[in-house]
Amino acid sequence: MSPRSASVNEELRRRSKERLLQAAVELVGEHGYEATTLGDITDRAGSARGLVSYYFPGKRQLVQSAVHRLMHRTLEEALEREPRTEEGPERMARAIDAILGLARDRPVLMRQHMAGLLQAEVGFVPCPEQRRLAELLRDTVARHGSQDVDRDYPMLRALLMGAVFAALVPGVPMPVPVLRAELFKRYRLAWELGVPPDAEAPGGTTRDTDLSRFFATGVPGRPAQSK
């Protein structure tokens with residue numbers, strides 16, 4: 001058997017990283033952060049344990065990158081789903097509904113993510129996944145008509161994070177429709193835009209439990225396998 005080419009090896013490494021990201025999202029969503037070990041993640045991913053340290057400084061950074069991947073791909077789907085639109089208010093509504101939908105549909109995962117962001121020893125770690133999420137939100141702010149994106153993007157990010165936190169506080173969670181109403185009022189959005197709470201979820205929302213479309217985990221030369 002001839003040795004694999006450099007491009008094939010690079011693709012295999014990329015796919016291994018994708019499997020680690022997907023496994024981290026799935027396991028933390030199922031069991032929580034503390035109950036999920038790096039061994040659990042690598043076993044689910046079918047990867048060698050040493051690969052985690054090759055890509056990520058530790059478990060918290062891996063999980064944070066994995067959640068940011070889920071967030072930016074969920075947001076991307078919501079913004080680009082059919083019927084596609086360039087209208088600023090509709091895109092802002094879709095963005096708000098996509099992020100609030102994650103809090104509604106994946107509470108364990110998002111609660112653990114928010115808790116990790118508040119830990120002083122790790123905190124908010126910029127990564128490619130987070131940067132893509134930021135790009136999408138900045139573009140949303142610009143299309144909505146912002147005259148100062150550098151000022152208005154951090155405010156949108158803070159409002160969304162605050163809404164997610166409020167929806168997930170144990171014992172006293174605020175209902176997502178109430179939080180949605182406040183954000184829609186803040187951005188002067190009509191209630192029927194985006195995905196109203198009583199509407200059937202279209203493609204690009206978070207109610208689909210299959211996350212494989214967000215992670216390129218197949219093997220080069222073979223079709224991707226679904227679970």
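Helices and strands are taken here as DSSP runs, with at least four residues for a helix and at least two for a strand, and they are numbered from the N terminus. Counted in this way, the chain of this predicted model holds nine helices and zero strands. Reading along the sequence therefore gives the pattern α-α-α-α-α-α-α-α-α. Of the 227 residues in the chain, 46% count as buried. Among the contacts with a separation of 6 or more, 69% are made by residues 24 or more positions apart.

A good place to begin the tour is helix α5, which covers residues 88-105. With 18 residues at 1.5 Å a residue, α5 should span 26 Å, and its end C-alpha atoms are 25 Å apart, in agreement with that value. Most of α5 is covered, since 15 of its 18 residues are buried. One residue of this helix is Glu90. Is Glu90 buried or exposed? Its relative accessible area is 14%, and buried means under 20%, so Glu90 counts as buried. Setting aside neighbours within four places in sequence, Glu90 is in contact with Arg81, Thr85, Leu193 and Gly194.

The loop between α4 (59-80) and α5 contains Pro83. The peptide bond that joins Glu82 to Pro83 is cis, with omega at about -5°.

Helix α5 also has a partner in helix α8, residues 149-168. The axes of the two helices come within 9 Å and cross at roughly 35°, and the crossing is right-handed. Which residues meet at this crossing of α5 and α8? From α5 come Met92, Ile96, Ile99, Leu100 and Ala103. They meet Leu156, Leu160, Ala163, Val164, Ala167 and Leu168 of α8. Sorted by character, the residues of this contact are eleven nonpolar, no polar and no charged.

Two of the α8 residues just named turn up again in the surroundings of Met110, including Val164. Met110 belongs to helix α6 and has a relative accessibility of 1%, so it counts as buried. Leaving out residues up to four places away in sequence, Met110 touches Val67, Met71, Leu102, Ala103, Val164 and Leu168. Although Met110 and Val164 are 54 residues apart along the chain, their C-alpha atoms are separated by 7.9 Å.

Met110 is one of the buried residues of α6 (residues 107-117), which are Leu109, Met110, His113, Met114, Gly116 and Leu117. These residues cover an arc of only 160° around the axis, which puts them on the same side of α6. A general feature of helices helps to picture this. An α-helix has 3.6 residues a turn, so residues three or four places apart point the same way.

Helix α7 (residues 128-143) can be viewed in a similar manner. It has 16 residues and reaches 23 Å from its first C-alpha to its last, close to the 22 Å expected at 1.5 Å a residue. Which residues of α7 are buried? They are Glu129, Gln130, Leu133, Ala134, Leu136, Leu137, Thr140 and Val141. Looking down the axis of α7, these buried residues fall within an arc of 160°, so they line one face of the helix. Just after α7 comes Gly145, which takes a positive phi of about 110°.

Val141 of α7 also offers a way back to α8. Met155 lies in helix α8, and its C-alpha atom is separated by 9.9 Å from that of Val141, with their positions 14 residues apart along the chain. At 39% relative accessibility, Met155 counts as partly exposed. Not counting residues up to four places away in sequence, Met155 touches Arg186 and Tyr187.

The tour ends with Arg188, in the segment after α9 (176-186). Arg188 has a positive phi of about 55° although it is not a glycine. Is Arg188 buried or exposed? With a relative accessible area of 80%, Arg188 is exposed. Arg188 also lies 9.8 Å from Ala93, C-alpha to C-alpha, while the two are 95 residues apart in sequence.

Notes
Residues numbered from 1 in each chain as written. Predicted model: local features only at pLDDT ≥ 70, side-chain atom pairs only at ≥ 80, totals over all residues. Heavy atoms only, no water. Expected span 1.5 Å × (residues − 1). Buried < 20%, exposed > 50% of the residue type's maximum accessible area, 1.4 Å probe, protein only. Arc of directions from axis to C-beta. Axes fitted to C-alpha atoms, helices over the stretch in contact; angles between N-to-C directions. Left-handed = near helix turned anticlockwise from the far one by under 90°. Contact = heavy atoms within 4.5 Å. Nonpolar A, V, L, I, M, F, W, Y, C, P; charged D, E, K, R; others polar.
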